[in-house]
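Have the sequence and the model open side by side while reading. The text below goes from one helix to its surroundings, and then to a few single residues.

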Amino acid sequence: ILRGGLREVIVCYCGSREEQEVCVRERRTQTRLKSDAKSMCYFNTGTQVPIHPHFNKTYFSSNVETRLFTRLKEIITTHSISNVVFTGHSFGAALSTIGSVRFAGSHPTLLVSCILFGAPKVGGVAFRSVANSMGNLKIIRLEHGNDFSPALPEGPEWHHVGHTITLAITPPSSTKQKHNRSSSELNHSPLAMAYLFDQKRPGRRMSGWNVKKTKTKKHDHDISSYVHAIETFTHMGIPWVEKFVGYDVVEEGRNGEEARVPVNDVEARCVI
């Protein structure tokens with residue numbers, strides 16, 4: 001894919017239907033993070049950190065990575081690729097997270113992006129430190145509405161990696177707005193918030209959560225819900241989020257009015 005003058009190759013991970021439901025089961029079992037042989041993830045730098053055992057087993061139980069990375073090397077060399085994009089939804093997002101971190105670690109001169117939808121937590125503090133410290137890797141996780149997957153597995157030892165963009169469909173906030181909008185827009189007012197490395201983000205509660213689908217409320221975990229939420233921005237002509245929450249300062253401008261000045265971050269991996 002040629003975008004912005006740069007050649008990109010996109011890698012999409014996908015799990016089976018049974019694997020996609022692993023997050024639902026893990027909510028009941030509350031898997032613990034263990035530093036045993038079944039959980040360790042190795043990097044070419046000699047670093048090894050524990051990750052979720054089920055994700056570990058699925059990712060490393062076959063030679064998919066070897067075949068994929070070999071093929072990527074051929075494509076990169078042949079087509080002068082400058083950016084490799086990993087992506088996936090739910091269980092596939094977990095596998096994509098592992099793959100992007102390992103690929104970025106073994107190819108430090110390449111730009112690697114990882115765009116995830118409804119991604120569960122893959123590891124703990126150690127894995128987060130490895131992923132967030134790679135200068136050539138940018139990870140952005142999209143979370144839609146009340147999707148349960150990003151909050152799993154539960155427990156203080158589990159942590160997300162990269163940045164977060166939350167998506168929500170909100171109703172108009174005033175009667176005036178309602179009169180100024182068409183009926184099709186009335187129930188589809190999109191709101192996106194971006195959080196730099198998950199900082200300055202309000203806590204998320206899981207109490208009262210129910211995975212059962214109803215006729216009146218579509219399950220926010222479905223990939224179709226993510227697609228619909230993103231397309232709403234395009235259909236309504238609303239700009240995509242361009243800055244992280246809390247990363248701007250307020251200064252006194254002319255005539256005593258407040259002026260918001262963005263804090264620039266020169267790292268390419270921090271650009272939304």
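Two residues are in contact here when heavy atoms of theirs lie within 4.5 Å. The model is a predicted one. With that meaning of contact, the cover over the buried residues of helix α4 includes β2 (6-13), α3 (53-60), β5 (83-89) and α5 (91-106).

Helix α4 itself covers residues 64-79. Its 16 residues should span 22 Å at 1.5 Å a residue, and the C-alpha atoms at its ends are 22 Å apart, which agrees. The buried residues of α4 are E65, L68, F69, L72, I75 and I76. Seen down the helix axis, the buried residues of α4 fall within an arc of 125°, so they line one face of the helix. The spacing follows from helix geometry: with 3.6 residues a turn, residues three or four places apart point the same way. On the face turned away from this buried side, α4 carries the exposed residues T66, R67, K73, T77 and T78.

Just after α4 comes S80, with a positive phi of about 55°. S80 sits in the loop between α4 and β5, and it is exposed, with a relative accessible area of 54%. Another serine, S90, also departs from the usual backbone pattern: its phi is positive, about 60°, although it is not a glycine. S90 belongs to the loop between β5 and α5 and counts as buried, at 1% relative accessibility. For background, most residues other than glycine have a negative phi, and most peptide bonds are trans.

Next is α5, which is among the elements covering α4. Helix α5 has 16 residues and reaches 23 Å from its first C-alpha to its last, close to the 22 Å expected at 1.5 Å a residue. Of the 16 residues of α5, 15 are buried, so this helix is largely enclosed by the rest of the structure.

Further along the chain, strand β6 (residues 111-117) and β7 run parallel and are joined by six bridges. One of the pairings links S113 to K138 in β7. Between the two strands the chain passes through helix α6 (residues 125-132), and this β-α-β crossover is right-handed.

Strand β7 (residues 137-144) is mostly covered, with eight of its eight residues buried. In a regular strand the side chains alternate between the two faces of the sheet. In β7, L137, I139, R141 and E143 point one way, while K138, I140, L142 and H144 point the other way, and all are buried.

The loop between β7 and β8 (163-170) holds P153. The peptide bond from L152 to P153 is cis, with omega near -10°.

Which residue lies 9.7 Å from D147, C-alpha to C-alpha, while being 78 residues away in sequence? That residue is S225. S225 is found in helix α9 (residues 223-236) and is buried, with a relative accessible area of 6%.

A few totals describe the chain as a whole. The chain has nine helices and 11 strands. Of its 272 residues, 44% are buried. Among contacts between residues at least 6 apart in sequence, 74% join residues at least 24 apart. The chain exposes about 15,400 Å², and carbon and sulfur atoms supply 53% of that area.

How values were computed
Residues numbered from 1 in each chain as written. Predicted model: local features only at pLDDT ≥ 70, side-chain atom pairs only at ≥ 80, totals over all residues. Heavy atoms only, no water. Helix = DSSP H or I, 4+ residues; strand = E, 2+ residues; numbered from the N terminus. Expected span 1.5 Å × (residues − 1). Buried < 20%, exposed > 50% of the residue type's maximum accessible area, 1.4 Å probe, protein only. Arc of directions from axis to C-beta. Pairing = 2+ DSSP bridges. Right-handed = clockwise from strand over helix to strand, strands pointing away. Areas by Shrake-Rupley, 256 points an atom, 1.4 Å probe, with all protein chains shown as cover.
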